[in-house]
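Welcome, and please open the structure in your viewer. We will go from one selection to the next, looking at what is there.

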Amino acid sequence: MIFAAGLGTRLRPLTDTVPKALIEVGGITMLERVIRKIAAAGISEIAVNIHHHAAKVRHFIETHHIEGVSISVCDESEMLLDTGGGVAAAAPLLGYDDDILLHNADILTDFDLGEMMTSHTSSGADATLLADTRNTSRYLLFDHSGKMTGWQNTSTGEVRSPFGDIPTDSYRHLAFGGIHIISPNTLRTIASYSQANPVFSITPFYTNMCGTLDIRAFTPSAPYSWFDIGRPETLAKARDMFADSKK
């Protein structure tokens, strides 16, 4: 599933007329880049949620066919459901038979998705999250075995964990990279959770549920590039790196 419904408020006025998913980097829209990356990993069925400039995103999907890939649209035009609610709404399209790769449309990266998929399958985790030591103020916390234990905002000191008052200095602080894999069991849990909370973000969900679900971090073994193009400064950096490239 590709999250393409966001408002892109940090990129205004650019996103007043162009949905964030259709912003181009190196002459290629972010949505096409993510679709092709997912397809290259061997995934042939993709769901895309839409909200902001929904008609433009739908038109792009309908007019840009990628061989071997079937794309379904989950339309959130009437209400933006955030990432967690978006997954729940797309559950009928995603089905409960296989693991689901979730990818933000504004994340541009070049690591091997196949390695992440193998890591998820071999660990038997309920969810596997791309996470590394990138500097941020909001970190996911993981114990020595690689399991998620909570979340911390280092700017404010706020800590959230289902395990109570945990010693945060004893845990790994990793930044979430906007790409994750969930099991059918996790999708069922998300769908059930959404019945009382139809609009919710996936990160607080993971924080609340990490005491029940086996949520693990994945960091690629090889160096890789990572951009969140949702901010003007990072969009500019990505465009500089991929200038005039069709890769």
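Angles between helices here run from 0 to 180 degrees between N-to-C directions, with axes fitted to C-alpha atoms over the stretch in contact. Keep in mind that this is a predicted model.

**First stop: two helices.** Select helix 3 and helix 5. Their axes lie 9 Å apart, and the helices pack at an angle of about 120 degrees. Because angles of 65 to 115 degrees count as roughly perpendicular and those over 145 as roughly antiparallel, helix 3 is oblique to helix 5. The crossing of this pair is left-handed.

**Second stop: where they meet.** On helix 3, show Gly-84, Val-87, Ala-88, Ala-91 and Leu-94; on helix 5, show Leu-187, Ile-190 and Ala-191. These residues make the contact. Seven of them are nonpolar, one is polar and none is charged.

**Third stop: the largest nonpolar core.** Which residues touch the most other members of this core? Among its 31 residues, they are Val-87, Ile-182 and Tyr-206. Elements giving two or more residues to the core include strand 6 (100–104), strand 12 (172–182) and helix 6 (202–209). Helix 3 supplies the largest share, five residues.

**Fourth stop: Ile-182.** Center your view on Ile-182 and look around it. Leaving aside residues up to four places away in sequence, Ile-182 touches Val-87, Leu-187 and Ile-190, among others. Its partners also include Asp-99, His-120, Asp-126 and Tyr-206.

**Last stop: another core.** Now select Ala-21, Ile-46, Val-48 and Ile-50, which are among the 28 residues of a second, separate core.

Terms used:
Residues are numbered from 1 along each chain as its sequence is written. This is a predicted model: local features need pLDDT of at least 70, side-chain atom pairs count only at pLDDT 80 or more; totals for chains, interfaces and linings use all residues. Side-chain values use heavy atoms; hydrogens and water are left out. A nonpolar core is a set of buried Ala, Val, Leu, Ile, Met, Phe, Trp, Tyr and Cys residues joined through side-chain atoms within 4.5 Å. Buried means under 20% relative accessible area, exposed over 50%, partly exposed in between (1.4 Å probe, protein chains only). Helices (H or I, at least four residues) and strands (E, at least two) are DSSP runs, numbered from the N terminus. Contact means heavy atoms within 4.5 Å. Angles under 35 degrees count as roughly parallel, over 145 as roughly antiparallel, 65 to 115 as roughly perpendicular and the rest as oblique. A crossing is left-handed if the near helix is turned anticlockwise from the far one by less than a right angle, and right-handed if clockwise. Ala, Val, Leu, Ile, Met, Phe, Trp, Tyr, Cys and Pro count as nonpolar, Asp, Glu, Lys and Arg as charged, and the others, Gly among them, as polar.
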